[in-house]
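Me: Please take a close look at the internal spaces of this protein, both the enclosed and the open ones, and tell me what lines them. I would like one connected account, with the backbone and burial details that belong to it.

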Amino acid sequence: MQTVHERGFNSAGLREITAMAGVAQGSFTNHFASKDEFGVAVLDHYFDQIRAVIAQTLSNEDRTPMERLRAYFDAITELFAATGWRYGCLAGNMALEASEHSELIRQRLSDIFAEWTPPFAQVIREAQMAGQICADLNSEDVGAALLEAWHGAMLRMKVERSPAPLDRFKRLILPGLLAGPAHP
């Protein structure tokens, strides 16, 4: 996973992948029928880590809904800080790099994003019930828009190798999408 994340799915060769894993090249073909199947396995492993972040932040009912949303984005920001703002989100990277050329990877990414969005929508619904967010917003749409805008910020973060795009997202986009109750 680390090799694919750092080098890119298309750039990481079989020899490099197996060398980093400390296994013979034949082991790769015994485990995976294709590099695309390997890509799906890498995505699954990566998304297990994202599920853990979701569990610690978005699903943590010890916090208010708004605190949970902020905690999620802060936790991801900390992960990127540890790598010098270089690699971004592996799912986002593979969406840009491989989804056009691999139906298997494109479908797995579609499934991942379909699972990724509902925890955001749930927290938004809870914030709406608490009067923290405008009740007129469609929580599913807002959840999807948050994730989509965040991925754009992560892409820009990689280009700039700076937290500035993530900070702008948290300072401008997050509050804008989650505008408080409308006043008559």
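Reply: What follows goes from the chain as a whole to its cavity, then to its pockets, and then to two loop residues.

The model is a predicted one, and its chain holds 9 helices and 0 strands, so that the order of elements from the N terminus on reads α-α-α-α-α-α-α-α-α. Taken along the principal axes, the C-alpha atoms fill a box of roughly 65 × 30 × 30 Å. Of the 184 residues in the chain, 41% are buried. Where contacts join residues at least 6 apart in sequence, 63% of them link residues at least 24 apart.

The enclosed space comes before the open ones here. The count comes to 1 cavity of 30 Å³ or more, and the volume of the largest cavity is about 40 Å³. Its lining is made by Y46, I50, Y72, I76, F80, C89, W116, W150, H151 and M154. Three helices, α4 (35-56), α5 (65-81) and α8 (139-160), each supply at least two residues of that lining. By residue class, the lining of the largest cavity divides into 9 nonpolar, 1 polar and no charged.

Y46, one of the residues that line this cavity, also takes part in a helix contact. The axes of α4 and helix α6, which covers residues 90-97, come within 10 Å and cross at roughly 150 degrees. Because angles over 145 degrees count as roughly antiparallel, α4 is roughly antiparallel to α6. On the α4 side the contact is made by G39, V42, L43 and Y46, and on the α6 side by L90, A91 and M94. The residues of this contact divide into 6 nonpolar, 1 polar and no charged.

Y46 appears again in the largest pocket, a space of about 290 Å³. This pocket is lined by 13 residues, and those closest to its centre are H5, Y46, Q49, L79 and T83. Helices α1 (2-7), α4 and α5 each give at least two residues to its lining, which divides into 7 nonpolar, 5 polar and 1 charged. Y46 is thus listed both in the lining of the largest cavity and among the residues closest to the centre of the largest pocket.

The second largest pocket has about 250 Å³ of space. It is likewise lined by 13 residues, and I17, T18, A21, V23 and F38 are the closest to its centre. The elements that give two or more residues to this lining are α1, α2 (14-21) and α3 (25-31), and the largest share, 4 residues, comes from α2. The lining of the second largest pocket divides into 8 nonpolar, 5 polar and no charged.

T18, one of the residues closest to the centre of that pocket, has its place in helix α2. With a relative accessibility of 4%, T18 counts as buried, because the cut-off for that class is under 20%. Leaving aside residues up to four places away in sequence, T18 touches V23, A24, Q25 and F28. T18 and F28 are 10 residues apart along the chain, and their C-alpha atoms are separated by 7.0 Å.

A second threonine, T3, lies in helix α1. T3 is buried, with a relative accessible area of 10%. Again not counting residues up to four places away in sequence, its contacts are with G8, A12, E16, I17 and M20. Among these contacts of T3 is I17, a residue listed with T18 as one of the closest to the centre of the second largest pocket.

Two loop residues complete the account through their backbone angles. Most residues other than glycine have a negative phi. W85, in the loop between α5 and α6, has a positive phi, near 65 degrees, in a residue other than glycine. At 15% relative accessibility W85 counts as buried. R161, in the loop between α8 and α9 (164-177), also has a positive phi, of about 50 degrees, although it is not a glycine. At 47% relative accessibility R161 counts as partly exposed, because that class lies between the cut-offs of 20% and 50%.

Key: Residues numbered from 1 in each chain as written. Predicted model: local features only at pLDDT ≥ 70, side-chain atom pairs only at ≥ 80, totals over all residues. Heavy atoms only, no water. 1 Å grid on protein atoms, 1.4 Å probe; cavity = no way out; pocket = protein on both sides within 12 Å on 5 of 7 lines; lining within 4 Å. Points joined across faces, edges and corners; volume = space filled by probe spheres on them. Nonpolar A, V, L, I, M, F, W, Y, C, P; charged D, E, K, R; others polar. Axes fitted to C-alpha atoms, helices over the stretch in contact; angles between N-to-C directions. Parallel < 35°, antiparallel > 145°, perpendicular 65-115°, else oblique. Contact = heavy atoms within 4.5 Å. Buried < 20%, exposed > 50% of the residue type's maximum accessible area, 1.4 Å probe, protein only.
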